[in-house]
Amino acid sequence: MRVEKCFFCSGPLYPGHGVAFIRNDGKMFKFCRSKCHRHFKAKHNPRKMKWTKAYRKAHGKEMVVDTCFEFEKRRDEALRYNRNLVVATVQAMKRVAEIRERREKVFWENRMRKAKAVQKDAIMAEVEKNVHIVSEPRLKQKIQKNILEKERAEEEEEKQQAVSNGMNIEDDN
């Protein structure tokens, strides 16, 4: 049983399912469902449709380069049936699937770690912006202290950049 890939969304296309479109030049396009066929006919770009694999890969949501993808490539060589070869191939496919799942999990965890850091920074910026709403005095002082430290660090960084650019800045203190 050969599981094809949908031309538009790159989803699995099982035998007996989907639609095949053959262009005048003889090129065959296979689609998993009418939704993909309709978007293809409308000349939509799969990299701009958020539900396609092309979008997910182009925007860093999924792994793009990995050695596991070499096993998915289509091979059109006809091989003579060999029971040992079939058993070894099935075992290799299971092992490759395990490896891919583990790598995708690590990739996802790294993405979520970065997203969590960005979200935390956004929350802190919101709190610093609305520090007057905070009712706890100790917490309010701590936030104000952090704001002052950030401002001083930014000033020091600006001074260092100015010195590295060859400009002289006079101290206002």
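**Figure 1. Glu98 and Arg95 pair through their side chains in a salt bridge, 3.5 Å from N to O.** This view, like those that follow, comes from a predicted model. Both residues belong to helix α3, which spans residues 83-129, and because they are 3 residues apart there, about one helical turn separates them. Glu98 is partly exposed, at 46% relative accessibility. Arg95 is partly exposed too, with a relative accessible area of 46%.

**Figure 2. A salt bridge joins the side chains of Glu128 and Lys150, with 3.0 Å from N to O.** Here the pair links distant parts of the chain: Glu128 sits in helix α3 and Lys150 in helix α4, 22 residues apart. Lys150 counts as partly exposed, with 43% relative accessibility. If you are wondering about the background, side chains of opposite charge can pair when their charged atoms come close.

**Figure 3. Asp25 and Arg23 form a salt bridge between their side chains, at 3.3 Å from N to O.** Take a look at how open each partner is: Asp25 counts as exposed at 56% relative accessibility, while Arg23 is partly exposed at 38%. Searching the whole structure turns up 3 salt bridges.

**Figure 4. A patch of negative charge on the surface brings together Glu151, Glu154, Glu155, Glu156, Glu157 and Glu158.** One of these residues, Glu157, is part of helix α4, which covers residues 137-164. Glu157 counts as partly exposed, with a relative accessibility of 48%.

**Figure 5. Cysteines appear here without a disulfide, as the structure holds 0 of them.** Cys6 is in no disulfide, and its nearest cysteine sulfur, in Cys9, lies 3.7 Å away. As a reminder, a disulfide is a covalent bond between the sulfur atoms of two cysteines. For Cys32, the closest cysteine sulfur is also that of Cys9, and at 3.5 Å it is too far for a bond, since a disulfide needs the two sulfur atoms within 2.5 Å. Cys32 is buried, with 18% relative accessible area, and Cys6 is buried at 2%.

**Figure 6. Cys6 lies in the loop that connects β1 (4-5) and β2 (12-13).** Between the C-alpha atoms of Cys6 and Val19 there are 9.4 Å, and the two residues are 13 apart along the chain. To place this loop in the whole chain, count 4 helices and 4 strands, running β-β-β-β-α-α-α-α from the N terminus on. Of the 173 residues in the chain, 15% count as buried.

How values were computed. Residues are numbered from 1 along each chain as its sequence is written. This is a predicted model: local features need pLDDT of at least 70, side-chain atom pairs count only at pLDDT 80 or more; totals for chains, interfaces and linings use all residues. Side-chain values use heavy atoms; hydrogens and water are left out. Buried means under 20% relative accessible area, exposed over 50%, partly exposed in between (1.4 Å probe, protein chains only). Patches are made of residues with over 30% relative accessible area and no salt bridge: like charges are joined within 9 Å, nonpolar side chains (Val, Leu, Ile, Met, Phe, Trp, Tyr) within 5 Å. Accessible areas come from the Shrake-Rupley method with a 1.4 Å probe; for residues, only the protein chains shown count as cover. A salt bridge is a side-chain nitrogen of Lys or Arg within 4 Å of a carboxyl oxygen of Asp or Glu. Lys and Arg count as positive and Asp and Glu as negative; His and the chain ends are not counted. The place of a charge is taken as NZ of Lys, CZ of Arg, CG of Asp or CD of Glu. Helices (H or I, at least four residues) and strands (E, at least two) are DSSP runs, numbered from the N terminus.
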